[in-house]
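Please look over the sequence and the model that follow, and then read the paragraphs below with the structure open beside you.

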Amino acid sequence: MVKDITIFQHIYKNGGSSIREGFNAAVIMERYPEKKLKIFYTNGKGLDEECIYEFNPTTLIRDNAPIFFTGRGNIWKIKDALQNQECTFNVRYIITLRDPIDRLLSAYNFYHVQCKQMLNISELIPFKIWYHNRFVLTPVAHVDQLSNVLACFSKFEFKEEFIKFNSIFYSNVRQQIVANENKKIFQRKMQQIDVAIELLQKYCDLVTFIENHIESIKSYLNLPFNDSYKWINSSKEGHVQFTRDDLLKEDFKLIEQELEPEIIFYEKCKELFS
């Protein structure tokens, strides 16, 4: 027996929450563990932590088994859970990518939304302070898109200097790090670009971009979707949006320089997958 399932890999600030909530809201009566199961998702660090629904791999062999997965957890944890079952799974992967600068500004805006919603903090953190500490701030930290793709689709291990660079100490003094250290990270990320693209070509049946990702995925899955969830977690709630026009020229130049590998990766993907 062969069963088709689709996994949407949720990368932070790439529209994944809209995908998750829109499909689930549209088929609310078919959510796990009720009858006519169509959609299952995991929304935590792994299959056994912070899951929205308890995951039992044996349910996958039923006639009405889940056919669509999404979550922030590493997809290999889902993939591993499909092994040693009574049927074979034809697993298809979907991913959405986003312009790195737009994604960064969305993360900055969303950080303030989360501060207000979770901590009742209304004060805005200056962009430059947030930017230099973005990998370690709570309630929500930033994750690079390129590195996230590598981590999701391969058994990727970060080298020691990359871990050190993203540590709390180095993030807190990021703007003071010597040029040689920045150069190491930059060169390594440039080397990652082709690897990440190869992984997308190998594993993803559909690579979408946030400008039209919902319509593309709706068409691909042919499942009902509740359009009222299109902009969930869009960071457009609760405060005035910080945009490219609000950036100082020197800050914009800094962002372009530091995000150059991410920008090159995104533009190459647009050429290949659009």
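**A buried glutamate and its surroundings**

The side chain of glutamate 262 comes to 3.3 Å from the backbone nitrogen of glutamine 145, a polar contact in the sense of a pair of N or O atoms within 3.5 Å, where within protein one atom must be able to donate a hydrogen and the other to accept it, and where residues adjacent in sequence count only if both atoms are side-chain atoms. This is a predicted model, in which local features need pLDDT of at least 70 and side-chain atom pairs count only at pLDDT 80 or more, while totals for chains, interfaces and linings use all residues. Residues are numbered from 1 along each chain as its sequence is written, and side-chain values use heavy atoms, with hydrogens and water left out.

Glutamate 262 belongs to helix 11, residues 260-273; helices (H or I, at least four residues) and strands (E, at least two) are DSSP runs numbered from the N terminus. With a relative accessible area of 2%, glutamate 262 is buried, where buried means under 20% relative accessible area, exposed over 50% and partly exposed in between, using a 1.4 Å probe and protein chains only. If its neighbours within four places in sequence are left aside, glutamate 262 is in contact (heavy atoms within 4.5 Å) with Pro100, Asp144, Gln145, Leu146, Ser147 and Lys189.

One of these partners, Pro100, leads to helix 3, which covers residues 100-119. At 1.5 Å a residue the 20 residues of helix 3 should span 28 Å, and the end C-alpha atoms are 27 Å apart, which agrees; the expected span is 1.5 Å times one less than the number of residues. Of the 20 residues in helix 3, 15 are buried, so that this helix is mostly covered. The N-terminal end of helix 3 is capped by aspartate 99, which has a side-chain oxygen 3.0 Å from the backbone nitrogen of isoleucine 101. After helix 3 comes asparagine 120, in the loop between helix 3 and helix 4; its phi is near 55°, a positive value in a residue other than glycine, and asparagine 120 is exposed, with a relative accessible area of 58%.

A second asparagine with a positive phi, about 55°, is asparagine 222, found in the loop between helix 9 (213-221) and helix 10 (249-258). Asparagine 222 counts as exposed at 69% relative accessibility. Another backbone feature lies in the loop between helix 4 (127-132) and helix 5 (145-153), where proline 139 is found: the peptide bond from threonine 138 to proline 139 is cis, with omega near 15°.

The strands can be followed from strand 3 (residues 88-97), which pairs with strand 1 (residues 2-9) in the parallel sense over 8 bridges; two strands pair if DSSP finds at least two bridges between them. Within this pairing, glutamine 9 stands opposite isoleucine 95. Strand 3 also pairs in the parallel sense with strand 4 (residues 204-209), over 5 bridges, and here leucine 97 has phenylalanine 209 as its bridge partner.

For the protein chain as a whole, there are 11 helices and 4 strands, and buried residues make up 48% of the 274 residues. Among contacts with a separation of 6 or more, 78% join residues 24 or more positions apart. The chain exposes about 14300 Å², of which carbon and sulfur atoms supply 50%; accessible areas come from the Shrake-Rupley method with a 1.4 Å probe, and for residues only the protein chains shown count as cover.
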